[in-house]
Amino acid sequence: MNSACQVDAPPAAGGSCSQPLETVRAADLPYRRFLDDYVRLNRPVVVAGAITDWPALRKWTPAFFKERFGSKPVAVSYQETMPFDQFIDGVMASDDTHPGPYMFRLFLHENLPEALPDVIPQNIYAFPRRYASPLMRAQWRRPDGYLKLLIGGVGSKFPVLHFDGDNAHAAITEVHGDKEFVMFPPEDSPLLYANPNQPNRSLIDNLNEPDLQRFPLIAKATRYRAVLRPGDMVFVPSRWWHTARPLTPSVSVCMNILDGSNWAGFVNETCADALKQSALKAHVYRVYLTSLGGVLTAVEWLQEHLPRVARTLVVPVWIGPASAEFAHEPSARQLKITVPTA
């Protein structure tokens with residue numbers, strides 16, 4: 001995507017220029033076109049009306065979670081666990097001068113399976129693709145796409161500008177309230193001050209009023225912006241920097257996507273982590289994942305171009321379901337997560 005600012009683009013805070021994210025109505029975006037025009041091109045998009053029939057759209061309000069789950073302890077962040085009702089009180093009291101907590105580490109299949117029936121049928125645009133393959137090792141296999149719950153109030157925000165690990169794509173679907181998303185393209189990475197100890201996280205802690213003495217290059221970056229309403233989804237391609245802030249009390253869910261478009265980066269990242277333990281382990285992982293990538297590319301092509309043949313043969317669909325059309329409903333029952341999310 002061309003990150004050059006248009007002449008009439010409004011300036012963003014910190015002097016950088018801002019452009020709206022492209023928006024397409026779900027009614028005008030078949031899944032095949034979504035893959036071709038956005039996923040495979042690593043191009044972000046907002047899908048308006050991506051979901052219309054989740055029970056969550058009618059039920060999930062902050063008050064619902066407080067009443068339904070009461071004092072149940074829930075993970076809010078890496079460091080903090082608190083009773084759900086106290087967390088919701090903090091969300092509703094949050095404002096710009098006294099920001100409340102922002103939940104971003106609660107995985108539904110692991111921590112809140114009671115809520116799973118409310119996100120059926122699955123969002124076709126958020127289908128996790130290769131994460132759903134049974135040929136993925138346990139530490140990588142997640143047919144739910146790491147489905148997690150995000151809740152925050154006015155004045156709160158996702159804690160850091162970042163891009164997702166695993167070289168994964170992300171799909172965030174708004175369920176209740178309005179939320180602003182801000183994104184920067186991968187080519188702007190040199191302008192975003194990556195943390196040397198965590199290269200997928202930026203050191204910039206306030207995008208609205210960045211410290212231009214510490215972070216002067218942010219003024220040269222191009223930010224893309226969108227506001228999600230209930231039912232909308234934003235597709236965040238791999239290595240796109242992003243963060244979010246609720247404009248009203250907000251509830252949303254996030255999933256990750258892994259397929260041929262971001263597979264090479266996933267393999268490289270996985271093998272780099274394995275290399276810290278053993279050169280042999282890294283080599284074995286690379287051989288296995290490279291071979292698996294070829295197999296999954298073949299079965300995905302078959303399902304996309306010859307779906308009847310794929311169904312008749314059964315094995316291609318079992319090896320690597322290529323879309324929600326071929327996959328079991330991931331939220332129909334709680335998954336047995338053999339490797340808990342770190």
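The buried residues of helix 7, which are A282, Y285, L289, L292, G293, L296, V299, E300, L302 and Q303, pack against three helices, namely helix 6 (263-275), helix 8 (307-313) and helix 9 (315-319). The model in front of you is a predicted one, and its helix 7 offers a check that can be followed with simple arithmetic: at 1.5 Å a residue, its 27 residues should span 39 Å, and the C-alpha atoms at its ends are 39 Å apart, which agrees. At the start of this helix, a side-chain oxygen of S278 comes to within 3.1 Å of the backbone nitrogen of L280.

Helix 7 also appears among the partners of helix 1, which runs over residues 31-39. The buried residues of helix 1 are Y31, F34, L35, Y38 and V39. They cover an arc of only 110° around the axis, and therefore they lie on the same side of helix 1. The spacing of such residues can be understood from the geometry of the helix: an α-helix has 3.6 residues a turn, so residues three or four places apart point the same way. Besides helix 7 (279-305), the elements against which the buried residues of helix 1 pack are strand 2 (23-25), strand 3 (45-48), strand 8 (169-176) and strand 13 (233-236).

A similar question can be put to helix 3: which of its residues are buried? In this helix, residues 62-69, they are P62, F64, F65 and F69, and because they fall within an arc of 160° when seen down the axis, they line one face of the helix. On the other side of helix 3, A63 and E67 are exposed. The cover over the buried residues of helix 3 includes helix 2 (56-59), helix 4 (84-93), strand 7, strand 8 and strand 15. After helix 3 comes G70, whose phi is positive, near 50°.

Strand 15 leads us to a single residue, since S252 is found in that strand. With a relative accessibility of 0%, S252 counts as buried. Leaving aside neighbours within four places in sequence, S252 is in contact with K148, L149, L150, I172, T173, E174, V175 and K179, and with the side chain of K179 its own side chain makes a polar contact of 2.7 Å. The C-alpha atom of S252 is separated by 9.7 Å from that of L228, although the two residues are 24 residues apart along the chain.

A second residue to look for is N167, in the loop between strand 7 and strand 8. N167 is buried, because its relative accessible area is 7% and the cut-off for buried is under 20%. Not counting residues up to four places away in sequence, N167 touches S238, R239, N262, G265, F266 and E269.

We can turn now from the atoms to the spaces between them. Rolling a probe the size of a water molecule over the atoms shows where empty space is left. The largest pocket holds about 1500 Å³ of space, and its lining is made by 50 residues, of which Y78, D164, G165, D166 and E269 lie nearest its centre. Among the elements that give two or more residues to this lining are strand 14 (241-246), strand 15 (250-257), helix 6 and helix 7. There is also one cavity of 30 Å³ or more. The largest cavity has a volume of about 80 Å³, and the residues that line it include W54, H109, D144, V253, M255 and E329.

How values were computed: Residues are numbered from 1 along each chain as its sequence is written. This is a predicted model: local features need pLDDT of at least 70, side-chain atom pairs count only at pLDDT 80 or more; totals for chains, interfaces and linings use all residues. Side-chain values use heavy atoms; hydrogens and water are left out. Buried means under 20% relative accessible area, exposed over 50%, partly exposed in between (1.4 Å probe, protein chains only). Helices (H or I, at least four residues) and strands (E, at least two) are DSSP runs, numbered from the N terminus. The arc is that of the directions from the helix axis to the C-beta atoms. Contact means heavy atoms within 4.5 Å. The expected span of a helix is 1.5 Å times one less than its number of residues. A polar contact is a pair of N or O atoms within 3.5 Å; within protein, one must be able to donate a hydrogen and the other to accept it, and residues adjacent in sequence count only if both atoms are side-chain atoms. On a 1 Å grid over the protein atoms alone, a cavity is a set of points where a 1.4 Å probe fits but cannot get out, and a pocket is an open set with protein on both sides within 12 Å along at least five of seven lines; lining residues have an atom within 4 Å of a point. Grid points are joined across faces, edges and corners, and a volume is the space filled by probe spheres set on the points.
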